[in-house]
Amino acid sequence: MSIVNYLGCNFTLSFSDDDSDDKILIGDFFSDEQMRKDVKKNFSTKYVYEVTSNEFGSIWFNEYYKSDYPKGHLEGHKSFKALCEFLDGHLKIGDYCELYTCWFGDELEDKEFEQTITINNFDINHINIFEKTLLVIKK
């Protein structure tokens, strides 16, 4: 199974080109249109996209993953910081977006954990992205 990250926004994003070297990619890597419709129930935003790190893949890190897979945990941190840089260029002051993470095929499941952060003022060591996590990112 694979972890999938969905990004909810109130603005439209274009899918990344297949040969893009951007750090953050928007597209349909694991999901299809129906999966993005199914997962939308966990979002308050208008649009839902699949998002991934070009370098490391899924954005996933938490206290348990850190102890079992320290390298993957640090890669998750790098990917998340790249996502925040990407979002900082798209969000206006007062806006927000949402990152939902789940196992591929669990899009109809309800969120189990929710956390809110401010994009330019967070301690990454206090963020946990588990499966079925909704992370609200405010600017």
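So, N5 and V51: V51 in β3 is the bridge partner of N5. Strands here are DSSP E runs of at least two residues, helices are H or I runs of at least four, and both are numbered from the N terminus. β1 covers residues 3-9 and β3 covers residues 47-53, and the two pair in the antiparallel sense over five bridges. When I say two strands pair, I mean that DSSP finds at least two bridges between them. Along with N5, Y6 has a partner in β3, namely E50.

Quick word on what we're looking at. This is a predicted model, where local features need pLDDT of at least 70 and side-chain atom pairs count only at pLDDT 80 or more, while totals for chains, interfaces and linings use all residues. Residues are numbered from 1 along each chain as its sequence is written, and side-chain values use heavy atoms, with hydrogens and water left out.

Okay, back to β1. It has another neighbour, β4: six bridges join β1 to β4, and they run antiparallel. There, V4 stands opposite C102. As a reminder, strands of a sheet pair through backbone hydrogen bonds, either parallel or antiparallel.

How many of the seven residues of β1 are buried? Seven of the seven, so β1 is largely enclosed by the rest of the structure. Buried means under 20% relative accessible area, exposed is over 50%, and partly exposed sits in between, using a 1.4 Å probe and protein chains only. In a regular strand the side chains alternate between the two faces of the sheet. For β1, both faces are covered: I3, N5, L7 and C9 are buried on one side, and V4, Y6 and G8 are buried on the other. β3 is largely enclosed too, because six of its seven residues are buried.

Now zoom out to the whole sheet. It's an open sheet of six strands, in the order β2-β3-β1-β4-β6-β5, with mixed pairing. Which strands stand at the edges? β2 (24-27) and β5 (113-118) do, each with a single partner strand, so one side of each is left without a neighbour in the sheet. From one strand to the next, the twist averages 30 degrees. For β2, four bridges join it to β3, running antiparallel, and I24 has S53 in β3 as its bridge partner.

Then there's helix α3, residues 70-88. α3 lies across β1, β2, β3, β4 (96-103), β5 and β6 (133-138), and runs at about 70 degrees to β2. Contact means heavy atoms within 4.5 Å. Axes are lines fitted to C-alpha atoms, for helices over the stretch in contact, and angles run from 0 to 180 degrees between N-to-C directions.

On to β6, where L135 lies. Buried or exposed? L135 counts as buried, because its relative accessibility is 1%. Leaving out residues up to four places away in sequence, L135 touches F80, C97, E98, L99, Q115, I117, I127 and I129. L135 and C9 are 126 residues apart along the chain, with 12 Å between their C-alpha atoms.

Just past that, K139 is in the segment after β6. K139 counts as partly exposed because its relative accessibility is 25%. With the same sequence neighbours left out, up to four places away, K139 touches D88, L91, K92, I93, G94, D95 and I119.

Two loop residues while we're here. K132 is found in the loop between β5 and β6; its phi is near 65 degrees, a positive value in a residue other than glycine. Most residues other than glycine have a negative phi. K132 is buried, at a relative accessible area of 13%. S20 lies in the loop between β1 and β2 and is buried as well, at 17%.

Last item, the pocket. The largest pocket has a volume of about 170 Å³. Twelve residues line it, and the closest to its centre are I3, F56, S58, W60 and Y65. On a 1 Å grid over the protein atoms alone, a pocket is an open set of points where a 1.4 Å probe fits, with protein on both sides within 12 Å along at least five of seven lines, and lining residues have an atom within 4 Å of a point. Points are joined across faces, edges and corners, and the volume is the space filled by probe spheres set on them. α3 gives the largest share of the lining, three residues. The lining divides into six nonpolar, five polar and one charged, where Ala, Val, Leu, Ile, Met, Phe, Trp, Tyr, Cys and Pro count as nonpolar, Asp, Glu, Lys and Arg as charged, and the others, Gly among them, as polar.
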